[in-house]
Amino acid sequence: MKVQWTIEKLDNFTNEIKSLYEKGKIKAPVHLCGSKGCEKLIDIFKLYREGDWIFSTWRSSWHWLLSGRSPEELKKQILAGKSMHIYDEKFFTSSIVAGILPIALGVAWGLKLDESPNQVWCFIGDAAFECGLTKECIRYAEGHRLPIKFVVEDNGLCVNAKTQKIWGL
């Protein structure tokens, strides 16, 4: 049974990891999520089906949890220094900006060829959205009608600058 995650429960998990990091229990960088704008993530994951693939970046811990994966396994991977490289057989993250996109696209092609009922969920940050690679992958996926959903997470900041300023809005 999938845990019904709320912003409060997600924040509690994040705060637990933050506390472990501050106590020196995690010997690698940790990328955590804040709850700003994350209410929509809960709604998005209501559309996720078991068997779908997830490709993620900087909010990977919340994607992991909202997809129904084990909080204990996530904590184990983070404690092992893999905050930016969390994975299982259908969940992958990368710390390379927009680097996960071509891999997600390839998996979507495979699902289409296999006539799978599942799809790929590809989460990207606001900085990755401005990369030419992102636009090419989205255009390619649309042109070939691949079973992939791209989700851009914009917390209003792009490497500590206001996103709207970076985007020229």
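Which residue in β4 is the bridge partner of I54? In this predicted model, the partner is W121. The bridge belongs to the pairing of strand β1, residues 53-56, with β4. The two strands run in the parallel sense and share three bridges. β4 also pairs with strand β5, residues 148-153. That pairing is parallel too, over six bridges. Within it, I124 has V152 of β5 as its bridge partner.

Strand β4 covers residues 120-125. Six of its six residues are buried, so the strand is largely enclosed by the rest of the structure. In a regular strand, side chains alternate between the two faces of the sheet. In β4, V120, C122 and I124 point one way. W121, F123 and G125 point the other way. Residues of both sets are buried. W121, the partner of I54, and I124, the partner of V152, therefore belong to a strand that is largely enclosed.

The loop between α5 (101-113) and β4 holds Q119. S116 lies in that loop as well, between α5 and β4. Are these two residues buried or exposed? Q119 has a relative accessible area of 14%. The cut-off for a buried residue is under 20%, so Q119 counts as buried. S116 has a relative accessibility of 24% and therefore counts as partly exposed. Leaving aside residues up to four places away in sequence, Q119 touches R49, D52, W53, L111, P147 and K149. Of these contacts, W53 falls in β1, which spans residues 53-56. K149 falls in β5, which spans residues 148-153. L111 falls in α5, which spans 101-113. D52, a contact of Q119, also serves as a reference point for S116. S116 and D52 stand 64 residues apart in sequence, yet their C-alpha atoms are 9.7 Å apart in space.

Two packed helices are described by the angle between their axes and the distance between the axes. For helix α1 (residues 7-22) and helix α4 (residues 71-79), the axes come within 11 Å. They cross at roughly 25 degrees. An angle under 35 degrees counts as roughly parallel, so α1 is roughly parallel to α4. The crossing of α1 and α4 is right-handed. On the α1 side, the contact involves F13, E16, I17 and L20. On the α4 side, it involves P71, L74, K75, I78 and L79. By class, the contact of α1 with α4 has seven nonpolar residues, no polar residues and two charged residues.

L74 of α4 has a further contact, with S61. S61 is placed in helix α3, residues 60-66. Its relative accessible area is 4%, so S61 is buried. S61 also touches C33 and I86, again without counting residues up to four places away in sequence.

A second helix pair is formed by α5 and helix α7 (residues 132-143). What is the angle between these axes, and how far apart do they come? The axes cross at roughly 10 degrees and come within 10 Å. α5 and α7 are therefore roughly parallel to each other. The contact is made by L101, P102, L105 and W109 of α5. From α7, L133, T134, C137, Y140 and A141 take part. By class, the contact of α5 with α7 has eight nonpolar residues, one polar residue and no charged residues.

Terms used. Residues are numbered from 1 along each chain as its sequence is written. This is a predicted model: local features need pLDDT of at least 70, side-chain atom pairs count only at pLDDT 80 or more; totals for chains, interfaces and linings use all residues. Side-chain values use heavy atoms; hydrogens and water are left out. Buried means under 20% relative accessible area, exposed over 50%, partly exposed in between (1.4 Å probe, protein chains only). Helices (H or I, at least four residues) and strands (E, at least two) are DSSP runs, numbered from the N terminus. Two strands pair if DSSP finds at least two bridges between them. Axes are lines fitted to C-alpha atoms, for helices over the stretch in contact, and angles run from 0 to 180 degrees between N-to-C directions. Angles under 35 degrees count as roughly parallel, over 145 as roughly antiparallel, 65 to 115 as roughly perpendicular and the rest as oblique. A crossing is left-handed if the near helix is turned anticlockwise from the far one by less than a right angle, and right-handed if clockwise. Contact means heavy atoms within 4.5 Å. Ala, Val, Leu, Ile, Met, Phe, Trp, Tyr, Cys and Pro count as nonpolar, Asp, Glu, Lys and Arg as charged, and the others, Gly among them, as polar.
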